[in-house]
Amino acid sequence: MKDALPQTIFLQDYKVSAFTIDKTDLVFDLGVEQTRVTATLTVARNPLSDEQNADLVLHGSQGLSLQAVSVDGQRLQEDGYLCDEESLTIKGLAGHAVITTEVLIQPQNNTTMMGLYRSRTMYCTQCEAEGFRDITYYLDRPDVMSEFTTKIIADKTHYPVLLSNGNPIERGDLDAGRHFVTWHDPFAKPAYLFALVAGTLSCVEDSFTTVSGRQVALQIFVEEKDLDKCDHAMVSLKHSMRWDEQVYGREYDLDIFMIVAVDDFNMGAMENKGLNIFNTSAVLANPKTTTDAAFQRVESIVAHEYFHNWSGNRVTCRDWFQLSLKEGFTVYRDSQFSADMNSATVKRIEDVSYLRTHQFAEDGGPMAHPVQPDSYMEINNFYTVTVYEKGSEVVGMIRTLLGAEAFRKGSDIYFDRHDGQAVTIEEFVQAMEDASGRDLSQFRRWYKQSGTPQLTVNSHYDAAAGTVTLDFAQSCPATPGQAQKQPFVLPVRLGLVGEQGDLPLNAEGDTEIVYELNQTNQRLVIGGIENVDQAPVPSLLRGFSAPVKLHYAYSKDQLIHLMANDSDGFNRWDAGQQLSFALLEKLTADSHQQRPLEMDSQLIDAYRSLLIDESLDPAMVALMLQLPSEAQLHEEADVIYADAIHSARLFVRQSLASGLSDQFLAVYHRHNVEQTYAPDATQIGRRALKNVALSYLMLVDDLGVELAGAQFSSADNMTDKAAALSCLVNCPAAAEQASSALQEFEQQYRDEALVMNLWLQVQAANSQPGALQRVETLEKHAAFTLTNPNKIRSLIGGFCSANLVNFHHPDGSGYEFLKQRILSLHSRNPQVAARLMTPLTRWKKFPEPNREKMRDALQVIADEPELVKDIYEIAIKSLQ
Ligand code: TRP
Ligand code: ZN
């Protein structure tokens, strides 16, 4: 570790800034050796601060080489200021001052992908959360909002395109082949929303007319070779703009909206005002090279970043403890959007699977934190599934409790009341209270308490009285720093399913109600349930109305009944998941104890009904035919026997495949798509089902191998091609076909970086023995490099999170590998290295010898000298 231990920052220590920065004037002179940044800041003492004599302390970082400082045009001598590795302090300022600093930075040597850096041939920036301080000295905190003017000077041949936030106000040529463009952003914003791009970029243009009739120019900038991959993002952008007007009453505010695609990027994309910067993987799409899943990801990320223009930019966060204010709300908005554009039930199932697998695991591990954390060492470690996805669930629960109309009213109040401000989660909840007249005091615990609540329900049917009594009990396990929890407000959407379907629950004839739970124990009695022969089956938590773990002792017959008869599509799917989960849990124990494995014929029957019913939605059938993933089984297990989980799951898949091979084959042929490729919900559903069927057929006999081989050769789209490739690669009987398919694929797509990522990913996830050696060989392949985050995620991330049985090999080789990669990466790119730590943090759930080996790997990492604080924080919290 560095000499000084990293500090912990606490929410309770928040203080308003002693200074404001009304105007920010920047000049970037981009040079080969050096980039000169001149910043002219119009500062004033903040009347809201109780420290009216404070020094001005600007944030900075190691990479800034300070050349000059002046105050009101007077150059300061070296004793007039104090400069260290993380700040520049200027003493004795009056009420107002104009501060000018000049620094030299070297973006060409910046490997962190924060601040100003180079990606291939262009310059670009990433300032959230605290990257602006790597560019110049500044009050780099989200509650300091300023009006920015940015002049960019660069060589005209290499950097013809010069972009920043807002509108271009001036451009011209300079001597020595240089030119400049000046941008002005009329909206005051925090520095984390600043962006700059310079490079040789091609542009796809379109326009959008807003509700009030203003024309907005839409531009997507990419490398020339990618011009044929922008249509989908453009269409998605226009859909998002219209949707936000119609659903939230939010209109776009500038005259231009730009998106730039860059290859080297730490996350998916960034919502910089008027100039979103995207990972190429989150914007480029083309049927020949992009899978359905990637098309949908592009649509949702384009929407996400666009929606931030209101939920994040016009109304921003006071401090980083409020991150979920913009992220939770914006994820909620983008999932509503995707639900509207595609199938709402399918989207909900995908989101809940993701939440259960990743967020529940985070909530149950050493990094568990509330949606509003109360402390952090490194803010970059808190861009988490809890802040994003659980934060979105919390917003969704507010909407469920208030109803759609009051929720929309609350959103209007929030945006109107706080436009131009940097606010807290509290202000959001307050607006919702004001709109509805509801008291959300107890509900606020969702923001403050970490951990996944457990909800246990028992029911009793009294035929004579015609009542169903539901007894609810909630609890929440202890999490780091929070031993005791108070009861949550849980909106439980529910119904009762009788022989013929939903039963009326009250005199009004409602077949579904939202029951609000706010006590530890609570009883609901539903009357008027007469004339039914059998006890009705409760359908609980419909649509996953609260992010909890539900326990209800369903019999197999009851689950099968819900699978076929529940009016709620999500719960039909979930009933199937519970059915297969129970079997997998039992078989995992059997496998671990080396008992013989026995298939449950009822599950085969249930699957058969799904396969032969042609009236069902193919997308839903595809989801229902998939067993819970190994990752989810790891999350749900008390002790993780990775090998036993893998064997049990494979056994059930094999049993289903051999029991239903004719049905799988029929479904495979029936769902071939004849039309020209389109990434619409109908086609996507058909392809999903066809490829799920194929993956089962691979487990039967040579038939699957033949089909996969034929599909691989004839596919006219990447979804079918990649699915066939993955089937071949994972099939022990298809070694030869797999290796020639991999070669052919490589030949065909060697120049398409994103497709080669898929190629790496498919191989990284190959669960057959010898995976680690294959991954190490691939690390030497030209398609891989440790300098690109997407490559690292595909190969190293893919191996450690999508190949669990090999990663957790009891010899510890997987852990050793990951440890070494983290250590070679941590100083070069702390953020990407920190994300690789996740699998190791779960060590306490593993049996020996894995447990000790994982712990040892963490210890070695924690002991590394000069460890960056991103990794240090995760390592020490995990070891506690
Ligand atoms: N705000 C971005 C989003 O839309 C997150 C993000 C992108 C980010 N790049 C980052 C956060 C780099 C931290 C560091 O979700
Ligand atoms: Zn976001």
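**Exercise 1. Work out whether N531 is buried or exposed, and look at its backbone.**

Step 1. N531 has a relative accessible area of 79%, so it is exposed; the cut-offs are under 20% for buried, over 50% for exposed and in between for partly exposed, with a 1.4 Å probe and protein chains only.

Step 2. Place the residue: N531 is in the loop between strand 30 (521-526) and strand 31. Helices (H or I, at least four residues) and strands (E, at least two) are DSSP runs, numbered from the N terminus.

Step 3. Now the backbone: the phi of N531 is near 55 degrees, a positive value in a residue other than glycine. Most residues other than glycine have a negative phi.

Before going on, a word about the model: it is predicted, local features need pLDDT of at least 70, side-chain atom pairs count only at pLDDT 80 or more, and totals for chains, interfaces and linings use all residues. Residues are numbered from 1 along each chain as its sequence is written, chains are lettered from A and ligands numbered from 1 in the order in which they are written, and side-chain values use heavy atoms, with hydrogens and water left out.

**Exercise 2. Find the loop that holds Q594 and describe its phi.**

Step 1. Q594 sits in the loop between helix 10 (569-592) and helix 11 (601-612).

Step 2. Although Q594 is not a glycine, its phi is positive, about 55 degrees.

Step 3. With 72% relative accessibility, Q594 counts as exposed.

**Exercise 3. Locate the cis peptide bonds at A129 and P849.**

Step 1. E128 and A129 are joined by a cis peptide bond, with omega about 0 degrees. A129 belongs to the loop between strand 11 (122-126) and strand 12 (146-155).

Step 2. From E848 to P849 the peptide bond is also cis, and here omega is near 5 degrees. P849 lies in the loop between helix 26 and helix 27.

Step 3. As background, most peptide bonds are trans.

**Exercise 4. Describe the site of the zinc ion (ligand 2).**

Step 1. List the protein donors: H304 (NE2), H308 (NE2), E327 (OE) and E327 (OE), at 1.9 to 2.7 Å from the zinc ion. Donors are N, O and S atoms within 2.8 Å of the metal (3.2 Å for Na, K and Ca); water is not among the atoms, so sites may look incomplete.

Step 2. Read the spacing in sequence: the donor residues follow H-x3-H-x18-E. The pair H308 and E327 links distant parts of the chain, 19 residues apart. H308 is in the loop between helix 2 (292-307) and strand 22 (316-317), and E327 is in helix 3 (residues 323-341).

Step 3. Judge the geometry: angles among the six donor atoms run from 47 to 159 degrees, and the site is irregular. Four donors count as tetrahedral if all angles lie between 85 and 135 degrees; four count as square planar and six as octahedral if opposite donors are over 155 degrees apart and all others between 65 and 115; anything else is irregular.

Step 4. Check burial: H308 is buried at 0% relative accessible area, and E327 is buried at 1%.

**Exercise 5. Decide how helix 5 and helix 7 are arranged, and which residues meet.**

Step 1. The axes of helix 5 (residues 385-402) and helix 7 (residues 425-436) come within 11 Å and cross at roughly 10 degrees. Axes are lines fitted to C-alpha atoms, for helices over the stretch in contact, and angles run from 0 to 180 degrees between N-to-C directions.

Step 2. The two helices are therefore roughly parallel to each other; angles under 35 degrees count as roughly parallel, over 145 as roughly antiparallel, 65 to 115 as roughly perpendicular and the rest as oblique.

Step 3. V395, I398 and L402 in helix 5 meet F428, M432 and S436 in helix 7, where contact means heavy atoms within 4.5 Å.

Step 4. By class, this contact has five nonpolar, one polar and no charged residues. Ala, Val, Leu, Ile, Met, Phe, Trp, Tyr, Cys and Pro count as nonpolar, Asp, Glu, Lys and Arg as charged, and the others, Gly among them, as polar.

**Exercise 6. Trace the surroundings of P547.**

Step 1. P547 lies in the loop between strand 31 (537-539) and strand 32 (549-552), and at 2% relative accessibility it counts as buried.

Step 2. Not counting residues up to four places away in sequence, P547 touches L355, F360, E393, M397, W446, T452 and P453.
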